[in-house]
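Visitor: I am new to protein structures and would like a friendly tour. Could you show me the one we will talk about?

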Amino acid sequence: MKARKTREIPYIEIEFRDAPKKRIKRNLSLNCDENANETRCCRYPLTVDFEKFGWDWIIAPKRYEASYCAGECMLSFLPKYEHTHVMQLSTSAIPCCSPKKMSSIKLLYFDMSYNVIYSTIPNMVVEKCSCS
């Protein structure tokens, strides 16, 4: 009896899949308007008008959208910082609604010697609010 020769043939297996979807981070920060009946911590619009302050030394912008945080922070929320949770348990203090993320504005203004200055002023716009 003759031994049968087996031939091994290489092959490639290809599987097509849809590209994985990019994960999107949830934004737990609420944006509200003046007419909202929202009681939770929320970011509200606030227009800062330098001309109303009498700040004529600011060249541009004359006004900008600053926003502000307001609202209640329920005891059942998950605080941003563990310190806040420990403080809640240790004292009668309650967390407050405050800016979580801020951004800068670019400002063109006159200094005391009437030189024109272009500067970036940090932490002038509230981007997100959170309880802390």
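Guide: Let us begin with a term: a salt bridge is a side-chain nitrogen of Lys or Arg within 4 Å of a carboxyl oxygen of Asp or Glu. This is a predicted model, in which local features need pLDDT of at least 70 and side-chain atom pairs count only at pLDDT 80 or more, while totals for chains, interfaces and linings use all residues. Residues are numbered from 1 along each chain as its sequence is written, and side-chain values use heavy atoms, with hydrogens and water left out.

Visitor: Which residue forms a salt bridge with Glu51?
Guide: Glu51 sits in helix 1 (residues 50-53); helices are DSSP runs of H or I with at least four residues, strands are runs of E with at least two, and both are numbered from the N terminus. The closest N and O atoms of the bridge are 3.6 Å apart. The partner lies in strand 5, twelve residues apart from Glu51, and the pair links distant parts of the chain. That partner is Arg63.

Visitor: Which residues are linked with Arg63 in a network of salt bridges?
Guide: Besides the bridge to Glu51, Arg63 forms one with Asp49, where the closest N and O atoms are 3.6 Å apart. This pair also links distant parts of the chain, with Asp49 in strand 3 (residues 47-49) and Arg63 in strand 5, 14 residues apart. The residues linked with Arg63 in the network are therefore Asp49 and Glu51.

Visitor: Is Asp49 buried or exposed?
Guide: Relative accessible area decides this: buried means under 20%, exposed over 50%, and partly exposed in between, using a 1.4 Å probe and protein chains only. Its partner Arg63 has 43% and counts as partly exposed, and Glu51 at 47% is partly exposed too. Asp49 has a relative accessible area of 14%, so the answer is buried.

Visitor: How many salt bridges does a search of the whole structure find?
Guide: We have met Asp49 with Arg63 and Glu51 with Arg63. There is also Arg40 with Glu38, whose closest N and O atoms are 2.6 Å apart. In that pair, Arg40 is partly exposed at 45%, and Glu38 is partly exposed at 26%. The search of the whole structure finds three.

Visitor: In what order do the elements of the chain run from the N terminus on?
Guide: The secondary structure comes to two helices and eight strands. Read from the N terminus on, the order is β-β-β-α-β-β-β-α-β-β.

Visitor: What is the omega of the peptide bond from Ala60 to Pro61?
Guide: Most residues other than glycine have a negative phi, and most peptide bonds are trans. The bond from Ala60 to Pro61, however, is cis. Pro61 is found in the loop between strand 4 (58-60) and strand 5 (63-65). The omega of this bond is near -5 degrees.

Visitor: What is the phi of Asn123?
Guide: Asn123 is found in strand 8, and at 53% relative accessibility Asn123 counts as exposed. Although Asn123 is not a glycine, the phi is positive, at about 55 degrees.

Visitor: Where is Tyr114, which has a positive phi of about 65 degrees?
Guide: Tyr114 is not a glycine, yet has that positive phi. With a relative accessible area of 67%, Tyr114 is exposed. Its place is the loop between strand 7 (97-110) and strand 8 (116-131).

Visitor: What is the area of the nonpolar surface patch made by residues including Tyr114?
Guide: Patches are made of residues with over 30% relative accessible area and no salt bridge: like charges are joined within 9 Å, and nonpolar side chains (Val, Leu, Ile, Met, Phe, Trp, Tyr) within 5 Å. This patch is made by Phe53, Trp55, Trp57, Phe110, Tyr114 and Val116. Phe53 lies in helix 1 and is partly exposed at 48%. Accessible areas come from the Shrake-Rupley method with a 1.4 Å probe, and for residues only the protein chains shown count as cover. The patch covers about 670 Å².

Visitor: Which residues does Ser67 touch?
Guide: Ser67 is in the loop between strand 5 and strand 6 (68-70), and is buried, with a relative accessible area of 12%. A contact means heavy atoms within 4.5 Å. Not counting residues up to four places away in sequence, Ser67 touches Arg43, Tyr44, Pro45, Leu46 and Val126.
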